[in-house]
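The exercises below ask the reader to work through a structure one feature at a time. Each task is followed by a solution that proceeds step by step.

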Amino acid sequence: MNKDMIDYLVAILEENEASFDWEVNWNKRQHVIELFVTIYAETNPDMVIQDVEGTVNEEEGIQFEDVICFYDPEKSKILLDDYLQAFPFSIKKGIEQGFLDAVIKVLRLVVSEGQTKLMEFAQNPDIETFEMNWQEENFHQTIETLKATDRYETKLVPYPKF
């Protein structure tokens, strides 16, 4: 059975036992597949942290959620700045399996680094802001390394059927 993009993303996240909470959503109307990642950190009991929406932390802990997306530039109407990273693809052709592998490989590193920084942020009142940052150069190097070692699969993973 051939897997579509959603099935493939879920499979590689489960297979790699991602060390963060995640959820894959398909916005059929916008032709967007979103991968939500959530990380958590404990805070000092007397520390109050407020997010950009004005929500204050509760119960000595905070959570942080970010999203990457896969979108069709011809059909999707999205704000790219709303995402940690956004990857264009063709609904008709799909996306290369090796590309998805590289995305998840780098995402795991980004989230791992983000988890460390979130814990530092949650414990140190001198750190005023927190955000995760996509590592674009690392992503391109990962693709090149996969290709150079013949581990980049060019087989196309299709967009889900309605």
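**Exercise 1. Locate Glu17 and describe its backbone and its exposure.**

Glu17 is placed in the loop between α1 and β1 (21-27), where helices (H or I, at least four residues) and strands (E, at least two) are DSSP runs numbered from the N terminus. The model is a predicted one, in which local features need pLDDT of at least 70, side-chain atom pairs count only at pLDDT 80 or more, and totals for chains, interfaces and linings use all residues. Residues are numbered from 1 along each chain as its sequence is written, and side-chain values use heavy atoms, with hydrogens and water left out.

The next step is the backbone: Glu17 has a positive phi of about 45 degrees, although Glu17 is not a glycine. As to exposure, the relative accessibility of Glu17 is 65%, so Glu17 counts as exposed (buried means under 20% relative accessible area, exposed over 50%, and partly exposed in between, with a 1.4 Å probe and protein chains only).

**Exercise 2. Is His31, another residue with a positive phi, buried or exposed?**

His31 is found in the loop between β1 and β2 (32-42). Its phi is near 60 degrees, a positive value in a residue other than glycine. Because its relative accessibility is 17%, His31 counts as buried.

**Exercise 3. Set out the order of the elements and the overall extent of the protein.**

Begin with the inventory, which gives three helices and six strands. Read from the N terminus on, these elements run α-β-β-β-β-β-α-α-β. Then take the extent along the principal axes, where the C-alpha atoms fill a box of roughly 50 × 40 × 25 Å. Finally, consider burial: buried residues make up 44% of the 162 residues. One of the loop residues to examine is Ile91, between β4 and β5 (95-96), which counts as buried at 19% relative accessibility. The C-alpha atoms of Ile91 and Ser19 are separated by 30 Å, the two residues being 72 residues apart along the chain.

**Exercise 4. Which geometry does the pair of Phe70 and Phe87 have, and which aromatic cluster holds these residues?**

First apply the pairing rule, by which rings of Phe, Tyr and Trp (its six-membered ring) pair if their centres lie within 6.5 Å, with planes under 30 degrees apart counted as stacked, over 60 as edge-to-face and the rest as tilted. The count by this rule comes to 10 aromatic pairs. For Phe70 and Phe87 the ring centres are 5.4 Å apart and the planes stand at 25 degrees, so the pair is stacked. This pair links distant parts of the chain, since Phe70 belongs to strand β3 (residues 61-71) and Phe87 to strand β4 (residues 85-88), 17 residues apart. Both Phe70 and Phe87 are buried, and together with Phe99, Trp134 and Phe139 they form one aromatic cluster.

**Exercise 5. Find the salt bridge and describe the exposure of its partners.**

Side chains of opposite charge can pair when their charged atoms come close. A search of the whole structure finds one salt bridge, that is, a side-chain nitrogen of Lys or Arg within 4 Å of a carboxyl oxygen of Asp or Glu. The partners are Glu113 and Lys117, whose side chains meet at 3.6 Å, N to O. Both lie in helix α2, four residues apart, about one turn of the helix. Glu113 is partly exposed, with a relative accessible area of 34%, and Lys117 is likewise partly exposed, at 38%.

**Exercise 6. Which residues line the largest cavity, and what is its volume?**

On a 1 Å grid over the protein atoms alone, a cavity is a set of points where a 1.4 Å probe fits but cannot get out, and lining residues have an atom within 4 Å of a point. The count comes to one cavity of 30 Å³ or more. The largest cavity has a volume of about 50 Å³, a volume being the space filled by probe spheres set on the points, which are joined across faces, edges and corners. Its lining consists of Val110, Glu113, Gly114, Lys117, Glu131, Met132, Asn133 and Gln135; Glu113 and Lys117 are thus also the partners of the salt bridge.

Note on methods: On a 1 Å grid over the protein atoms alone, a cavity is a set of points where a 1.4 Å probe fits but cannot get out, and a pocket is an open set with protein on both sides within 12 Å along at least five of seven lines; lining residues have an atom within 4 Å of a point.
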